[in-house]
Amino acid sequence: MKRPLRLLSALAVLPFLAAPLSAQPEPGYERQWKHFGAAVFLGGGLQLPAGGDLDGKSVVRVNPGDTSSTQGDFLDAEPHAGPSVSAGVGARMDGNRVFAAVEWNSFSTEHGLLAKEVDAERWRISLDWRHDFRQEEPWRPEAGFGAHFALVDVDGSFLPKSGAARDARLSGTGFHVDCGVGWWFRERVAIVAEAEYSFDASRNIGLGDEGFRLDGYLVEHRFALNLQAWALF
């Protein structure tokens, strides 16, 4: 009689002994939460607009009925590289970073027709994803992509059919792809160097106080080298 009672007592205690073991998270989840954190970054770099409709090869066509002051061409221009600054907030879990960023870029274009350089600037708001490889090493290659909204403001870039050259504002959406390498210090601080290709497709144009929707798209290609400082909390 004592032996069955001992067996029942052991079976009754067994669930209480097994409970702490079953309550432990899986190793994968434990590692993810260990490396999870909110993130902020500041960056700077150099950008080069290249090719596309903004080099003066395409005619701007607006809706029928517009006046000759809103019909014309972008001036034949050669864009030059310019500096950029950026900032963003996001999160990181293991080797994946998701973040929202704002970027400002200043550059100039040289107009052959006007024989002078004019200033231009570009704002970009983006949502991005990056993946860091070789997560056990301090030096980690990375790759990723993002989607963005861009606003380009160029002084004296539009030559209407009548009148003097006018300032123009272009806005639209696009995408960008990135690759680079980062140095991570104790999983909390990183310096990341990136190379980027960006593509913009602008369909909205503003001339002075007037805004128009183009029949087609004005496209622009852009290449950039960026250096970012990351901090995780």
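Modeller: A strand here is a DSSP run of E with at least two residues, a helice run is one of H or I with at least four, and both are numbered from the N terminus. This is a predicted model, in which local features need pLDDT of at least 70 and side-chain atom pairs count only at pLDDT 80 or more, while totals for chains, interfaces and linings use all residues. Residues are numbered from 1 along each chain as its sequence is written, and side-chain values use heavy atoms, with hydrogens and water left out.

Colleague: What does that make of the protein, in helices and strands?

Modeller: The protein has two helices and 11 strands. Read from the N terminus, the order is α-α-β-β-β-β-β-β-β-β-β-β-β.

Colleague: Which strand supplies the largest share of the nonpolar patch?

Modeller: Strand β9 does, with three residues. β9 (166-185) and β10 (189-207) each give at least two residues to the patch. Leu227, another member of the patch, is in strand β11.

Colleague: What makes it a patch, and which residues form it?

Modeller: Patch residues have over 30% relative accessible area and no salt bridge; nonpolar side chains (Val, Leu, Ile, Met, Phe, Trp, Tyr) are joined within 5 Å, and like charges within 9 Å. Trp139, Val181, Trp183, Phe185, Val189, Ile191 and Leu227 form the nonpolar patch, with about 650 Å² of accessible area together. Accessible areas come from the Shrake-Rupley method with a 1.4 Å probe, and for residues only the protein chains shown count as cover. The accessible surface of the protein comes to about 13200 Å², and 65% of that belongs to carbon and sulfur atoms.

Colleague: Which residues gather in the patch of negative charge?

Modeller: Glu78, Glu110, Glu117, Asp119, Asp155 and Asp167 do. Asp and Glu count as negative, Lys and Arg as positive, and His and the chain ends are not counted. The place of each charge is taken as CG of Asp, CD of Glu, NZ of Lys or CZ of Arg.

Colleague: How do you know that Glu110 is accessible enough for a patch, and why is it called partly exposed?

Modeller: Buried means under 20% relative accessible area, exposed over 50%, and partly exposed in between (1.4 Å probe, protein chains only). Glu110, in strand β6 (residues 96-111), has a relative accessible area of 38%, so it is partly exposed and also passes the accessibility cut-off for a patch. His221 falls in the partly exposed class too, at 26%; it is in strand β11 (residues 210-232). Of the 233 residues of the protein, 36% count as buried.

Colleague: What makes Arg97 and Asp132 a salt bridge?

Modeller: A salt bridge is a side-chain nitrogen of Lys or Arg within 4 Å of a carboxyl oxygen of Asp or Glu. For Arg97 and Asp132 the distance is 2.8 Å, N to O, so the pair meets the definition. Arg97 lies in strand β6 and Asp132 in strand β7 (residues 116-132), so this salt bridge ties together parts that are 35 residues apart in sequence. Both Arg97 and Asp132 are buried.

Colleague: How many salt bridges are there, and which residues are linked in a network?

Modeller: The structure holds 11 salt bridges. Arg97, Asp128, Arg130, Asp132, Glu142, Asp178 and Glu194 are linked in a network of them. Within that network, Arg130 meets Asp128 at 3.0 Å, N to O.

Colleague: Why are Arg130 and Asp128 called buried?

Modeller: Arg130 has 2% relative accessibility and Asp128 has a relative accessible area of 5%. Each value is below the limit for buried, so the word applies to both. Arg222 and Glu220 form a salt bridge as well, with their closest N and O atoms 3.0 Å apart. Arg222 is buried at 2%, and Glu220 is buried at 5%.

Colleague: What is unusual about a positive phi?

Modeller: Most residues other than glycine have a negative phi. Asp94 is not a glycine, yet its phi is positive, about 55 degrees. Arg134, also not a glycine, has a positive phi of about 50 degrees.

Colleague: Where do these two lie, and is each buried or exposed?

Modeller: Asp94 lies in the loop between β5 (82-93) and β6, and at 11% relative accessibility it counts as buried. Arg134 is in the loop between β7 and β8 (139-160), and its 55% makes it exposed.
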